[in-house]
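Hi,

Here is the structure I said I would pass on. Have a look at it first, and then read my notes underneath.

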Amino acid sequence: MKSLILSTALLASLSAHAQGAPTLPPEFADWDAFMAQQLALWKVPGASIAIVKDGQVILSRGYGLRDVAKQLPMTENTVQPIASTTKSFTVAALATLVRDGKLKWDEPVREYLPDFRLHSDYATQTVTLRDMVSHRTGLPRHDWVWFNSTLSREELIKRVRHFELSAEPRARFQYNNLMYMTAGYVGGKVAGSSWESLVREQVLSPLGMKSTNFAIADLLKAPDHGTGYALDNAQVAQPKPYVPIDAMGPTGSLNSNARDMSQYLLMLTADGKFKDRTLIQSSDLRAMTTGQMALPDPRLWPERSSPQYGMGWFVSNYRGVTLVDHGGNMPGAATALGFVPGRNIGVYTTVNIGNSALRDVILYAAMDRLLGLPPVDWSARLHGNYLKGLAAEKAAETQKLNTGKPGTQPAFALSEYAGEYEHPGYGIITVGGGSTGLELQYNGLKAALPHWHYEVFQTPQNKLSELSETRVQFVSNFEGDVDGLRIEIEPSVKPALFKRLPDKRFKDPAFLSKLVGVYAIGTNEIHIVLRPDGVLTAGGRTGAPNELIGLRGTRFEVKSRNGNTVEFLADANGRYTQLALRQNGSTTVAERRN
């Protein structure tokens, strides 16, 4: 495939506004050349940027390409996902409801959403909106449930109760997209509309952000829209389609451009005012940009202190000033948004490769120039770390450390692992395939699932796949059936257990009706009945019957009776004439009487 890496000369020639461009401010005289060099170094096709100072937009440009195949330039009008920088818009919209007395930051969420549940009663009863938007609910990310999912916002909120907490509320900072989504949903509900309507009416419309929208489908309708890319295993940029996350809107679904985001920055740097209108009260903006939760201090660089998290913003000391900023990452896009309260300076940037640290390089380089400080070579630092990470991966590969225990085999034929497995929160994972290999499928994502060792299977490394190097461990029951799988889906808690779903025939009334009858051992009778709701039950002469839960073939588990199974046995004519009852390894056979 043709490489998408662009030469420095070509990038320089593609700088948006290269012809007829406004004169750059003196402190940014080298900016076009700087951007061309950085795009080439980081192998990023394109970027756009907006910079404001003293109530004016002093730079709003695109660099490189928004679409390599079509050779379309990135411009200040190119619409791209802004990902998690959406969070500050959600908090700003919620702040207008707080201002109007319709919400309270420190009121339990249950007061506004009675059906809201977390995994513990204490968290359910005490978690507030402030906890949600400052990432301190005790719930770790659990992002797998929503990424590429078709679940609605309401359905996702219902799933949250099934996800294990890894801390008590307000004990630890844990970034969580599901809680931001829920907070935005609460805002829309209290406003009597939706999160989208609330943000549009309270933030976007007053700022004239006409190009900003809420869905990838709308982004793709824009005449000037971006195309996402990702670096493959060979570090070559390849097209990476944007992923719709409409249901998760409040946490990251906004799409915008440099022109619109400059207006947002003008409001933020003017203490919540825009064209003589107060959009966010000074007190609310200060609360948003005041640390609510401390983060661990990595002490990597002397220029920036360990950040705290406010509400929708990280807050830190950067070279002697308070820097308020937030990044965003989605497949095909990485953004950074930052401003310095009281200094009237702000920066927005986006690049069209997800998880690229180039966004941070651009933010810091612009801030250094705005602050009149000698530039720090952030690119050398961050790109150096990036290269060391790649080298470490290569070293592990060369030393063959990415292999399982040699000489091991799976316990079953591969076809025995194929099926559907369900978790009450995450939903259904499908394992497909058979003798030639297995395939993992989840939320529309697919990847090969080769054997690793023993009962563990692992998807191959693929930097273009969200399922890259996903490990699955199959578990079996006492009867020798594969009845579940464990997956390391959220590193902050123990692996999630997905239970195998019964074969589809267990929902077929025509099949189940063939099993109905009376089976006996001496005078003891077992009545097999098919209820009107399609559930098979087993009962004696007295007492309530027990539900039977289908396992494999004609074998059923007796609900609420651990270790008890029944299996219907057919004669040569295919009629089920016997019932094998197993209890903790002991087996008896009942004969059919009718």
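Below is what I found, starting with the sheet and ending with two single residues.

Keep in mind that this is a predicted model.

The sheet first. It is an open one built from nine strands, and going across you meet them in the order E3-E2-E1-E15-E14-E13-E12-E11-E10, with antiparallel pairing. The edges are taken by E3 (72-73) and E10 (293-294); each has a single partner strand, so one side of each has no neighbour in the sheet. Further in, E1 (residues 46-53) and E15 (residues 345-351) run antiparallel and are joined by seven bridges. If you want a place to start looking at that pair, Ala 47 sits opposite Val 351 of E15.

Which helices go with this sheet? I have two for you. Helix H2 (residues 31-42) packs on the sheet, where it touches E1 and E2 (56-67), and its direction makes about 35° with that of E2. Helix H11 (residues 258-269) lies across E1, E2, E14 (333-340) and E15, and it runs at about 30° to E1.

Next, a helix pair. The axes of H13 (residues 358-370) and H14 (residues 378-398) come within 9 Å and cross at roughly 160°. Angles over 145 degrees count as roughly antiparallel, and therefore H13 and H14 are roughly antiparallel to each other. The crossing of H13 past H14 is right-handed. On the H13 side the contact is made by Asp 360, Val 361, Tyr 364 and Asp 368, and on the H14 side by Trp 378, Ser 379 and Leu 382. By type, the residues of this contact split into four nonpolar, one polar and two charged.

Now the two single residues. Arg 555 belongs to strand E29 (residues 555-558). Is Arg 555 buried or exposed? The cut-off for buried is under 20% relative accessible area, so Arg 555, at 12% relative accessibility, counts as buried. Leaving aside residues up to four places away in sequence, Arg 555 touches Glu 479, Asp 481, Phe 506, Ile 549, Gly 550, Thr 565, Val 566, Glu 567 and Arg 582.

Met 74 is in the loop between E3 and E4 (80-81). With 0% relative accessibility, Met 74 counts as buried too. The C-alpha atom of Met 74 is separated by 8.2 Å from that of Arg 61, which is 13 residues away along the chain.

Happy to go through any of this together.

Cheers

Technical notes. Residues numbered from 1 in each chain as written. Predicted model: local features only at pLDDT ≥ 70, side-chain atom pairs only at ≥ 80, totals over all residues. Heavy atoms only, no water. Axes fitted to C-alpha atoms, helices over the stretch in contact; angles between N-to-C directions. Helix = DSSP H or I, 4+ residues; strand = E, 2+ residues; numbered from the N terminus. Parallel < 35°, antiparallel > 145°, perpendicular 65-115°, else oblique. Left-handed = near helix turned anticlockwise from the far one by under 90°. Contact = heavy atoms within 4.5 Å. Nonpolar A, V, L, I, M, F, W, Y, C, P; charged D, E, K, R; others polar. Pairing = 2+ DSSP bridges. Buried < 20%, exposed > 50% of the residue type's maximum accessible area, 1.4 Å probe, protein only.
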